[in-house]
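Hi,

Here is the structure I said I would hand over. Have a look through it, and below you will find my notes on the strands and helices.

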Amino acid sequence: MLACRKDHQSELLQEQRAGYGEQIVSSLASHLTKSYGRGWSKRHLWHCVRVADTFPGDQIVNALSTQLSWTHLRILAAMEDELKRVFYTELTIQERWSTRVLQERIDSMLFERSALSRKPEELLRQELSTLQSAGAVTPDLVFRDPYVLDFLGLSDTYSERDLESAILTQLQQFIIELGSDFAFLARQKRILIDNEDFKIDLLFYHRGLRRLVAIDLKLGRFKAAYKGQMELYLKWLDKHERKEGEESPIGLILCAEKSQEQIELLELDKGHIRVSEYLTQLPPKEVFASRLHKAIELAQVKKVE
């Protein structure tokens, strides 16, 4: 019976612009409105058909509906890409996003900015399956590139201290951009090595990853020397700050611009250091989307090679 109903839903969607589907939905909308009052427009019924077709089976719909609202389901059902839909569905459940936050995440192209989007489809499916079944997150799911920091209100000329101060002033917005599981621990974390002072710009803890996250802020392009600096910080944190049950600390170097070849040669994506760009001004949506899609295509081609 469920299979028959799903086939009928698919037929309706295929016939949406044809007279057959339009006639059925129009007739049903009229009947329901007469019987139950307002709220059963043709547009609403088409949303119902699409949601039922996207999330087939009573058990699946019932399970999702206990965690997601109708508006959540309607927004998610509008996504044609299955993997992208699973990504947003699971993060909405895990991080308890409101419908407003979900739409903001979609508009900011969060999926395309995650390292997951740059993986081959098979690996992407495996990681999303693990997220669905166990709720386990990985660095590829947590970290983004680039980070959009347009809320900082920085002008064309600013220093690293200006950047850091603006982040601390807008800490709540910064954490929203990082992800809800990040907890702020320290600014200019002082560490002493060989009687020499070093300072970690920002120190966070990520609950899902169960590890400390050191963030280094850089104004210009990424330089290979930044890797050694971050490795030193991470070794010190691992020795002096890591608690029982935690994973090894991980580092995020935020740069105004990446040096892709240097990053690839250093194989940073295979270790505990991530490098991401940050944007203090968001480019036009079309330009931003084109840039991200090109980066995804390039990364996937290199993975195949």
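**The sheet and its helices**

Ile 191 has Phe 198 in β3 as its bridge partner. A little further along, Arg 190 is matched in β3 with Lys 199. Strand names such as these, and helix names too, refer to DSSP runs numbered from the N terminus (H or I of at least four residues for helices, E of at least two for strands).

Before going on, a word on the source: this is a predicted model, in which local features need pLDDT of at least 70 and side-chain atom pairs count only at pLDDT 80 or more, while totals for chains, interfaces and linings use all residues. Residues are numbered from 1 along each chain as its sequence is written, and side-chain values use heavy atoms, with hydrogens and water left out.

Back to β2 and β3: they run antiparallel and are joined by 10 bridges (strands pair if DSSP finds at least two bridges between them). The two form a hairpin with two residues between them, and Asp 194 in the turn has a positive phi of about 55°. Next comes β3 with β4, also antiparallel, over five bridges. Here Leu 203 stands opposite Ala 214 in β4. That hairpin has four residues between its strands, and Arg 210 takes a positive phi near 55°.

How do these pieces fit together, and what is the strand order of the open sheet? The six strands run β1-β6-β5-β4-β3-β2, with mixed pairing. β1 (147-148) and β2 (182-193) are the edge strands, each pairing on one side only. Parallel pairing appears between β5 (residues 250-255) and β6 (residues 273-279), joined by five bridges; Cys 255 has Glu 277 in β6 as its partner.

Two helices lie across the sheet. Helix α11 (residues 160-169) lies across β2, β3 (196-206), β4 (211-217) and β6, at about 145° to β2. Helix α12 (residues 171-178) lies across β1, β2, β3, β4 and β5, at about 65° to β3. Angles run from 0 to 180 degrees between N-to-C directions, and axes are lines fitted to C-alpha atoms, for helices over the stretch in contact; contact means heavy atoms within 4.5 Å.

**A helix pair**

The axes of α5 (residues 70-77) and α7 (residues 99-107) come within 9 Å and cross at roughly 15°. That makes α5 roughly parallel to α7 (angles under 35 degrees count as such). In α5, Thr 71, His 72, Ile 75 and Leu 76 meet Thr 99, Leu 102, Gln 103 and Ile 106 in α7.

Best wishes

Key: Angles under 35 degrees count as roughly parallel, over 145 as roughly antiparallel, 65 to 115 as roughly perpendicular and the rest as oblique.
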